[in-house]
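Q: Got a minute to walk through this one with me? I'd like to start with a single residue and work outwards.

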Amino acid sequence: MIKIEHLSKNFGSLSVLRDISVEIKEGEVISIIGPSGAGKSTFLRCINLLDRPSSGSILIKGINILDPKIDVAKVRQKMNMVFQAFNLFAHISVLENLTIAPMKLLGKSRESAEKKAHELLNLVGLSDKAGSYPDELSGGQKQRVAIARCLAMEPEVILFDEPTSALDPTMINEVLSVIRRLARQGLTMLIVTHELDFAKDVSSRVFYLDEGGIYEDGTPRQIFENPQKEKTKAFIKKQESFYQHIVSSNYDLYALIAEVDCFCSRLMVNVQSRKNLMVLIEEVLQLFRKSTLSFPLDMTVNYEEKTEMLELLFEAPPGSVNPMLTESGDNGSALPAIESRLQSQEYRQLGGRNRLSLYLKKP
Amino acid sequence: MIIQTVRESAAMVVSLSGRLDTVTAPDYEKKFDELISREEINFVVDFDKLEYISSAGLRVILATSRRIKGKNGKIHLANISGNVKEVFEMSGFAGIFPVYGTVAEALKMITG
Ligand SMILES: Nc1ncnc2c1ncn2[C@@H]1O[C@H](COP(=O)(O)OP(=O)(O)OP(=O)(O)O)[C@@H](O)[C@H]1O
Ligand SMILES: [Mg+2]
């Protein structure tokens, strides 16, 4: 239904979307998630021509909407968008908000437009608000009217850009449940959202946007339960990371430990885990120092708030060896101190780097 | 780490405070080099104020004690507790050295 090919979007020298190619089928409900600034809104805005793509093509049922001869108003009617802040017309009633555009743009009679409007208000649970003015509604009600108004244009695709992020927490659910109802009716929808639990249960497909593109694309199960790529994992697990590039074996241990400690206290990591982490950093770095070709070394501390899992990750250059295998268990060996603090460890080669991943025991 | 030394009649008492780790282990070694070159051979190392020890710390204690042994001397450890005690036990260190509750006990043992 929607075929996007080599879509790119720049704002001046800022490249936001780079060479995105993807196909969206009729009836798919796609959640678009990703960090702030990833280009989620820009992606939606390109699809309904609020932003003009810098290059590439967007085909809707075979028609290239980037063709200069295309009727933009018609594209927007087919790909109607619901925004974060419900932009209803304030000076007219809810009913008129729903009928004005269909009468003007779709050439509907007042009678048929009003009939449809009442049906839609019923669908969003607001049949008693037809005569009210937007100011008399709560935020959640306004957003439901905005959704009904969008539907009144009989779009083929609905684009939602964070439809609940301007709402009080108490009103989020009423709006989400309306969107759920639409999903069950088989409407094709693209939903940018920060509500990951909602994305997980409402969508048939999830795009994780990062690095200027669809970084990972999969079913909710794949993306939320078994993400394959690093950044997706970090985002889904709400993982926080501390990263340090260690140039040579002359690193400043105390400065490093102080920074890690600061990171840990910001995340309120348990005191015992913090102490264990400091011991591991010193001991493992020392092992790296004793083995060949270990530097420059990248060290990352990952903390998963939900599970309180701490991971200490080292990435060493090609040709380096696993430092955990370089020592025998003699007196004075660092291994007992290291291993007694670990739940598990893993060593593997990935993308030309040698990765030593250590998971700390929970206290 | 701060290292303080006090000459008692039976032995040289070396008190450590702070951290004995990769960064400070060379200081420990240097101090003992200096003491050994002044013909000191009997030592009591006081861990009372030591907050943290890492394997680099253990290794340097082991290495210096071998050199002291080579000169027919002996090293005694005192006041091992907390994190330091844990590390000693985990590494099997506790069995290698004579360990005493206090410096006074260690000195008494040396005088016999
Ligand atoms: N009109 C514009 N002019 C210049 N830069 C823009 C414009 N619109 C967006 N950007 C930039 O493009 C990048 C992507 O913005 P976008 O709004 O698409 O992100 P987003 O993923 O929707 O983020 P959020 O989750 O915060 O809404 C940002 O760096 C933003 O500053
Ligand atoms: Mg946005």
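A: Sure, start with L167(A): it is buried, with a relative accessible area of 9%. Buried means under 20% relative accessible area, exposed over 50%, and partly exposed is in between, with a 1.4 Å probe and protein chains only. Keep in mind that this is a predicted model, where local features need pLDDT of at least 70, side-chain atom pairs count only at pLDDT 80 or more, and totals for chains, interfaces and linings use all residues. Residues are numbered from 1 along each chain as its sequence is written, chains are lettered from A and ligands numbered from 1 in the order in which they are written, and side-chain values use heavy atoms, with hydrogens and water left out.

Q: Where is the place of L167(A) in chain A?

A: L167(A) sits in the loop between β7 and α6 of chain A. Helices (H or I, at least four residues) and strands (E, at least two) are DSSP runs, numbered from the N terminus.

Q: And what does L167(A) touch?

A: Not counting residues up to four places away in sequence, L167(A) touches F86(A), G139(A), G140(A), Q143(A), I172(A) and V175(A). Contact here means heavy atoms within 4.5 Å. Take G140(A): 27 residues separate it from L167(A) in sequence, while the C-alpha to C-alpha distance is 6.5 Å.

Q: Which residues touch the most other members of the largest nonpolar core?

A: Those are I147(A), I158(A), F160(A), L182(A) and M189(A), out of 37 residues in that core. A nonpolar core is a set of buried Ala, Val, Leu, Ile, Met, Phe, Trp, Tyr and Cys residues joined through side-chain atoms within 4.5 Å. The elements giving two or more residues to this core are α3 (94–105), α4 (110–123), α5 (139–152), β7 (157–161), α6 (169–184), β8 (188–192) and α7 (196–202) of chain A. With eight residues, α6(A) provides the largest share.

Q: What is I147(A) in contact with?

A: Leaving aside neighbours within four places in sequence, I147(A) is in contact with V82(A), F160(A), V175(A), V178(A), I179(A) and L182(A). Apart from this core lies another, of 36 residues, including M278(A), V301(A), L310(A) and I338(A).

Q: What about N97(A), buried or exposed?

A: N97(A) is buried, with a relative accessible area of 1%, and it is found in helix α3 of chain A. Its side chain reaches the backbone oxygen of I92(A) at 3.4 Å. That fits the polar contact cut-off: a pair of N or O atoms within 3.5 Å, where, within protein, one must be able to donate a hydrogen and the other to accept it, and residues adjacent in sequence count only if both atoms are side-chain atoms. Not counting residues up to four places away in sequence, N97(A) touches L88(A), F89(A), I92(A), P134(A) and R149(A).

Q: Switching to the ligand. Which residues come nearest to ligand 1?

A: S36(A), G37(A), K40(A), S41(A) and T42(A), of 13 residues around ligand 1. A residue counts as near if one of its heavy atoms lies within 4 Å.

Q: How far are the polar atoms of G37(A), S41(A) and E162(A) from the oxygen atoms of ligand 1?

A: For G37(A), a backbone N or O atom lies 2.8 Å from a ligand 1 oxygen. For S41(A), a side-chain N or O atom is 2.8 Å from an oxygen atom of ligand 1. A polar side-chain atom of E162(A) lies 3.3 Å from an oxygen atom of ligand 1. Taken alone, ligand 1 exposes 640 Å², and the protein buries 58% of that. Those areas come from the Shrake-Rupley method with a 1.4 Å probe; for residues, only the protein chains shown count as cover.

Q: Which element gives the largest share of the shell around ligand 1?

A: That's α1(A), with three residues.

Q: Any backbone geometry to check? Where is the cis peptide bond?

A: It joins F295(A) and P296(A), with omega about -5 degrees. P296(A) is in the loop between α11 (271–290) and β12 (297–304) of chain A. K238(A), a residue other than glycine, has a positive phi, near 50 degrees. K238(A) sits in the loop between α9 (230–236) and β11 (239–246) of chain A, and is exposed, with a relative accessible area of 52%.
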